[in-house]
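Please look over the sequence and the model below before reading the notes.

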Amino acid sequence: MSNSQQILQQVFGYSDFRPPQDQIIDTLVAGGGALVLMPTGGGKSLCYQIPALIRSGCGVVISPLIALMQDQVSALELLGIEAAFLNSTLSALEADAIEQQLRADELDLLYIAPERLTQARTLQLLREIDIALFAIDEAHCVSQWGHDFRADYLQLSLLHELFPAVPRIALTATADDRTRQEISERLQLQKAEQFIAGFDRPNIRYRIALKQNAKQQLLKFLKNEHLHDAGIVYCLSRKKTEDIAHWLSEQGFNAFPYHAGMSNESRARHQEQFLREESVIIVATIAFGMGIDKPDVRFVAHLDLPKTVESYYQETGRAGRDGEPADAWMIYGLQDVIKLRQMMDSSEGSEAHKRAEQHRLNAMLGLCEITSCRRQALLDYFGEALPEPCGNCDTCLEPPETWDGTEAARMALSVAFRTEQRFGVNHLIDVMLGTDTDKIFQFGHQHLPVYGIGKEIDKNQWRSVFRQLVARGYMSVDLERFGALRLEEKCRPLLRSEETIALRKDSKVKTAKQQTKTRLAPEVDVALWEALRDCRRQFAEEMGVPPYVVFHDSTLQEMCLRMPQNMEEFELLNGVGERKLEKYGPGFVRVISDHLAA
Ligand code: ADP
Ligand code: ZN
């Protein structure tokens, strides 16, 4: 029987394990259990796929994501692995055929939905066959506190009772301690070894800029950096997703909206296009994402602020699962904060719940306004330390300048105070600038001592000051009074001259030149790249799978750089195993030779 290193190379076409993949595999092969925490895109699947191939019998993978099973199985079949799935999308006839294959010990891997697994009939079947292991994917679904809770997952502890000799591995990308505890207890994995990989996603570049003209900013970002890429644009409201998708289409992009208010058919159609075609942009509310396992999403853009750091991390985490460079790009402004506060305030829920939500929003705002490394702050939020600044976020790449905002902050606070904390940001700025609006005269604000004290700096800078004061908790937004700004306890030391404050200079969104990073190595020939993509698209259509299942972008890039002209050279590429060599090698080699001859 082959060892894991051999399988990695021959079947999957990869040269090295990403630690701790090798340790996890060894543990399972030896019959031990494992609890695995690894970020999305970390490489969890190999951890159970390889032991399932090495151990005798079929590996049973439990996953709630029925929609993904077909693609997972197709991808394995392309590698020459015997795989199948059992779920409610199959007809009785199809299910029977798979049960027969199982009985005949013809399958290496079986994907199954939890509700199917726990049926008496399935359990009986499993008792009769040889099982290599149980892999419980998305294991955080047993957690009642998490938002992905599945009642069926609770019953999975019966695996331990019914099949005590079969090793079990539970996998998740959800970070916190409490969830891990719960998984361990509910799945009876107390004796299992725990493998915790870091949560960092080093290939994702985090950027957060000030919202000025959202559409133009987005357009510039897409045109300069992601012209032919697949990506997700998140918006807060359904209507906005439709507006933006429509507008992007007018600009020549292949963009579709996605939100919970659409019909099931249109939703499914748009999702399918996103998965199957290249360069599709989905403009979505948070309804989009769970169970989307597309590895080559090159950017996630936020046009509105997420409510929590957790959501931000989860949403941005959908970019770059293939490990290739990807962007998490966001623009935000004071208006976002006001809108989110309004939504929270009008939501049902206890005062305590609202306070907790406010607290989490504040953490998100903190992330937006920091002047140090964003990745360090993000990981710190999840309890992980990154010793050095990352070098791959906007604040690392172009450290924001700060200025002594003490005087300005005091002025801003006193204007709010003098106008009895009853007015919103626009009026306050009008007062500071000494503008003569009707509203000023209506309230007699031209007579206040603070009238016109802020002429030194302009309107945009004042907005920036107010936004930062709110984001950092010196002021809050009073929603009963249409967004009036109120002073908070925290501003006392500042007003009493016991404290100073450094504010971030809002930089304009960086020009393309500074930020364009070509994903393609400079020496790559674009014509060859396009020809290879065409070749991949044809194979994908023939097999009825998404293009990335044939080869990832990274393999295509390697082809461009190394230009293999025979099978021996082609075999050396990362991502080319025996089966894919045989099936696709000749086709791609021909494209490369034609290109060189042209
Ligand atoms: P996860 O389930 O943790 O999100 P996957 O198992 O889907 O991640 O793996 C993410 C990507 O990384 C896949 O495209 C996979 O083929 C690739 N991958 C996994 N392990 C390795 C490895 N050792 N070397 C190269 N690529 C790998
Ligand atoms: Zn950084």
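The notes below cover a zinc site and two helix pairs.

This is a predicted model, in which local features need pLDDT of at least 70, side-chain atom pairs count only at pLDDT 80 or more, and totals for chains, interfaces and linings use all residues. Residues are numbered from 1 along each chain as written, chains are lettered from A and ligands numbered from 1 in the order written, and side-chain values use heavy atoms, without hydrogens and water.

**Zinc site**
- The zinc ion (ligand 2) has the protein donors C373 (SG), C390 (SG), C393 (SG) and C396 (SG), at 2.3 to 2.4 Å.
- Donors are N, O and S atoms within 2.8 Å of the metal (3.2 Å for Na, K and Ca).
- C373 is in the loop between α16 (351-369) and α17 (374-381) and C396 is in helix α18 (residues 394-397), so the pair ties together parts 23 residues apart in sequence.
- The four donor atoms subtend angles of 103 to 118°, so the arrangement is tetrahedral (all angles between 85 and 135 degrees).

**Helices α19 and α22**
- Helices (H or I, at least four residues) are DSSP runs numbered from the N terminus.
- The axes of α19 (residues 406-418) and α22 (residues 459-471) come within 10 Å and cross at roughly 80°.
- The two helices are therefore roughly perpendicular (65 to 115 degrees).
- A408, A409, M411, A412 and L413 of α19 make the contact with W462, V465, F466 and L469 of α22 (heavy atoms within 4.5 Å).

**Helices α25 and α29**
- α25 (residues 526-543) and α29 (residues 578-597) pack at about 155°, with axes 10 Å apart.
- That makes α25 roughly antiparallel to α29 (over 145 degrees).

Key. Axes fitted to C-alpha atoms, helices over the stretch in contact; angles between N-to-C directions. Parallel < 35°, antiparallel > 145°, perpendicular 65-115°, else oblique. Tetrahedral: all angles 85-135°; square planar, octahedral: opposite > 155°, others 65-115°.
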